[in-house]
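User: Got a model here I'd like to poke at. Can you walk me through the cavities and the ring contacts?

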Amino acid sequence: MTLRRSFSHVGAITNSEGLLKMIKSFLEANEVERSTRIWGIINLFEGKQLKGWSDLPKTLIYHEVFEIFEIISTLGHICPKMILEAISKDHVNELSGKNQKGRNTQFELFIASKYIQAGYNVQFGEPDLFFYYLGNRYNIACKRPQSKSKVLNNIKKASKQISLHDGFGIVALDLTPTSVRNFDWNSDLSVVIKSGQDLIWKNFLSSNRRRINELVGKRVSIVHVYGGLNLKVKNNYVYSLFDYALEIKSNRTENDYFHEIINKVQSVHPCRIS
């Protein structure tokens with residue numbers, strides 16, 4: 001079995017009211033203040049005008065809501081305090097240039113939800129996440145760089161974190177903040193799909209493949225890159241999450257089981273509201 005070259009999930013979220021109801025119920029049950037980021041994002045999703053945030057790209061607003069819905073659906077009963085802290089921190093505008101510590105944790109939670117749905121017993125801890133499978137330890141370091149110029153440095157930092165632990169390593173990278181700066185928000189769905197594939201492969205991995213191989217060291221076997229481009233088509237919201245798992249072939253072994261693990265994770269479908 002081999003790793004798939006690329007993969008994408010595209011699903012129409014037709015019941016946005018049900019999606020928001022579930023998120024709001026979680027927030028209200030935990031008495032989250034209305035001044036926090038998550039409530040600001042929900043207000044923007046619902047089309048309300050908020051002073052100073054009118055220029056925030058719609059695709060980023062949709063991505064936040066869909067990602068948080070996925071996290072709460074899978075982990076809301078497991079680590080509610082960690083979720084609440086992550087989605088409450090940071091400025092509403094992710095492109096503000098300010099510290100995004102909350103969103104970094106949010107991406108860790110999102111990756112954890114994917115692996116848990118794939119059947120792996122993921123634990124939170126250094127480097128960011130880890131789990132055991134068939135006698136081997138797998139370490140995951142998650143990064144969400146805010147600009148294209150910081151992507152390679154984030155891979156280097158993640159690889160250093162992984163190098164401090166025994167086992168096999170995965171760098172999980174979210175290019176969503178990078179991609180939204182360079183996207184035509186009025187595009188139709190076919191353009192979104194092509195752009196999602198391009199932003200990961202043509203615009204990043206292909207041109208940086210040699211440099212990535214030099215940066216990851218000896219313990220990272222997979223650099224798994226994600227990117228979300230989301231839009232509203234008529235009355236439906238389209239959730240498009242693209243990912244590409246780049247193999248570091250020099251670090252692969254016969255018993256690392258990455259072909260099975262990554263394919264399972266890539267086969268996890270987005271949570272849906274019927």
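User: How many cavities of 30 Å³ or more does the structure hold?

Analyst: This is a predicted model, and it holds 2 of them. The second largest has about 30 Å³ of space.

User: Which residues line that second largest cavity?

Analyst: I13, L19, F66, F69, E70, Y239, P270 and C271. Helix α3 (residues 58–75) gives the largest share of the lining, 3 residues. By class, 7 of the lining residues are nonpolar, none is polar and 1 is charged.

User: OK, switching to rings. How many aromatic pairs are there?

Analyst: The structure has 18 aromatic pairs. One of them is F45 with Y237, a stacked pair at 4.6 Å centre to centre with 25 degrees between the planes. That pair links distant parts of the chain, 192 residues apart: F45 sits in helix α2 (residues 37–45) and Y237 in strand β8 (residues 236–247).

User: Are those two buried or exposed?

Analyst: F45 is buried at 5% relative accessibility, and Y237 is buried at 7%.

User: And how are Y138 and F168 arranged?

Analyst: Tilted, with 5.5 Å between centres and 40 degrees between the planes. Y138 lies in strand β4 (residues 136–143) and F168 in strand β5 (residues 168–174), so the pair ties together parts 30 residues apart in sequence. Y138 is buried at 0% relative accessible area, and F168 counts as buried at 14%.

User: Which aromatic cluster has Y138 and F168 in it?

Analyst: The one formed by Y115, Y120, F131, Y133, Y138, F168, Y257 and F258.

User: Last thing: where does the charged end of R34 sit?

Analyst: Over the ring of W39, 3.8 Å from its centre. R137 also has its charged end over a ring, that of F130, 4.0 Å from the centre.

Technical notes:
Residues numbered from 1 in each chain as written. Predicted model: local features only at pLDDT ≥ 70, side-chain atom pairs only at ≥ 80, totals over all residues. Heavy atoms only, no water. 1 Å grid on protein atoms, 1.4 Å probe; cavity = no way out; pocket = protein on both sides within 12 Å on 5 of 7 lines; lining within 4 Å. Points joined across faces, edges and corners; volume = space filled by probe spheres on them. Helix = DSSP H or I, 4+ residues; strand = E, 2+ residues; numbered from the N terminus. Nonpolar A, V, L, I, M, F, W, Y, C, P; charged D, E, K, R; others polar. Phe/Tyr/Trp six-rings, centres within 6.5 Å; stacked < 30°, edge-to-face > 60°. Buried < 20%, exposed > 50% of the residue type's maximum accessible area, 1.4 Å probe, protein only. Lys NZ or Arg CZ within 6 Å of the ring centre and 35° of its normal.
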